[in-house]
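Here are a few friendly notes to read alongside the structure. Keep the picture open and look for each residue as it comes up.

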Amino acid sequence: MGVLWKLEPATAAKHRLYQRYLDAWWPILLQTSQHTGFSRPRVTLLDAFAGPGRYEGNEPGSPVFIIDRLLNHKAVERMHLSQKRVHLIFIEKDRARHEHLLKELESQFGALADLPVKVVVRRGEAGRDSLPLLTELGAWGNPILGIFDSWGSVNVPLEVMRRIARNKSSEVITTFGPNWFSRREELNADILDSVFGGRAHWTPAADESRPDERWRAWLNTYRHALQRAGFGYQLQFQLVPRTGQPLYLVFGTGSDAGLRAMKDAMWKVDDRDGESFKDPRTRGAEATGQLDLFQTEGAIDPELLELVNQRLAQGSITVERLGHWLLTETARWTSSHALKAVRVMRQDGSVVLGSTGKLTTKSWVSLPAAA
Ligand SMILES: C[S@@+](CC[C@H](N)C(=O)[O-])C[C@H]1O[C@@H](n2cnc3c(N)ncnc32)[C@H](O)[C@@H]1O
């Protein structure tokens, strides 16, 4: 592969997701009320596999759109940007891509030293250099978003995730390329030990022989690794573009606002561009990719139906708890979908309530056989 490469549809979809997410993330962290008067924190974004900043068809790479969308954000006036307050760190290992990225950023934005935020572009190794760079730039103690967007070999030690997870209001997004799950013979056991935090954690996934289950097993293994690292919530999903190969993504956060913002971002991308976010928990059902899943009276998205059925198969639950489960355990569904789903499922008799009367979030719901 040359310095630049072609933008694949799944990467374009991933970029739209990042853009939506960041559009929400920046104001959550940077916009402060004039009334509170508390000292404004520093916020650090680390794009640890930055790339050359451009694609063959001239589309912008992640460093370019990250800077561009921040500087041109509609709430930028209320974010009080300064070089002290906002740090953007880009790491790229390949010499030619690193040089390209520097030139690209300067041609887009002028001298980086003159920007209203601090931009650091380093040639380095994501796994080795992320923590020292975060230390050098004084990131600890304030929010960090780490984006680990390698092609195939996710070789960032779990210790990096652990340090970020234990830092205040911090999050990570890790992506896996399409081939990651199929090349068992190429797996380097020592690297995987460091990525997953020990051999016992990843060998069951490596032993999975059914081809279509491999990505589920690995993704779930990584999700559990982020959980052990200390992230309170971990979302995992397969990003399926309209055409071409899928990508896989795991998001770790400790923040309710971050979790909701990521799900919102998925819905917005879904609606406009037709790609879908497949939940590893589901096997048959495909998400329809429609924003208004209850558009047709009495209809329910097949993926949501399958997930609710899966949860109810484990036992009765209140609608409120079901909503929490959807929010924290499934790729894209949120609390508000629980009540809507149960309403439709109750009408067609596929669930029953614990008591007669009005359906509320406090109602107990179960599958008919278990009632
Ligand atoms: C998937 S591409 C990144 C694309 C970019 N984030 C974007 O969205 O436009 C992965 C990049 O990581 C670089 N890379 C590979 N191994 C690396 C490592 N260990 N540390 C940092 N960069 C690495 C590759 O040269 C490549 O440019």
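1. Start with the ligand in this predicted model. It is surrounded by 18 residues, and the closest are H15, Y55, E92, R97 and A126. Try finding these five on screen before you read on.

2. What kinds of residue make up the shell around the ligand? The shell divides into 7 nonpolar, 5 polar and 6 charged residues.

3. Now look at the nitrogen atoms of the ligand. A nitrogen atom of the ligand is 2.9 Å from a polar side-chain atom of D149. For S62, an N or O atom of the side chain lies 2.9 Å from a ligand nitrogen atom. With F49 the partner belongs to the backbone: a polar backbone atom of F49 is 2.9 Å from a nitrogen atom of the ligand. As for cover, the ligand taken alone exposes 600 Å², and the protein buries 92% of that.

4. Where does the ligand sit? The space that the ligand takes is the largest pocket. This pocket has a volume of about 870 Å³, and 42 residues line it. Nearest the centre of the pocket lie W5, D149, S150, W151 and G152. You have already met D149, through its polar side-chain atom 2.9 Å from a ligand nitrogen atom.

5. Which elements give two or more residues to the lining of the largest pocket? They are α1 (9-30), β2 (86-92) and α4 (126-136). The largest share, 5 residues, comes from α1.

6. Finally, sort the pocket lining by class. The lining of the largest pocket has 15 nonpolar, 16 polar and 11 charged residues.

Terms used
Residues are numbered from 1 along each chain as its sequence is written. This is a predicted model: local features need pLDDT of at least 70, side-chain atom pairs count only at pLDDT 80 or more; totals for chains, interfaces and linings use all residues. Side-chain values use heavy atoms; hydrogens and water are left out. A residue is near a molecule or strand if one of its heavy atoms lies within 4 Å of it. A polar contact is a pair of N or O atoms within 3.5 Å; within protein, one must be able to donate a hydrogen and the other to accept it, and residues adjacent in sequence count only if both atoms are side-chain atoms. Accessible areas come from the Shrake-Rupley method with a 1.4 Å probe; for residues, only the protein chains shown count as cover. On a 1 Å grid over the protein atoms alone, a cavity is a set of points where a 1.4 Å probe fits but cannot get out, and a pocket is an open set with protein on both sides within 12 Å along at least five of seven lines; lining residues have an atom within 4 Å of a point. A molecule sits in a cavity or pocket if more than half of its atoms lie within 2 Å of its grid points. Ala, Val, Leu, Ile, Met, Phe, Trp, Tyr, Cys and Pro count as nonpolar, Asp, Glu, Lys and Arg as charged, and the others, Gly among them, as polar. Grid points are joined across faces, edges and corners, and a volume is the space filled by probe spheres set on the points. Helices (H or I, at least four residues) and strands (E, at least two) are DSSP runs, numbered from the N terminus.
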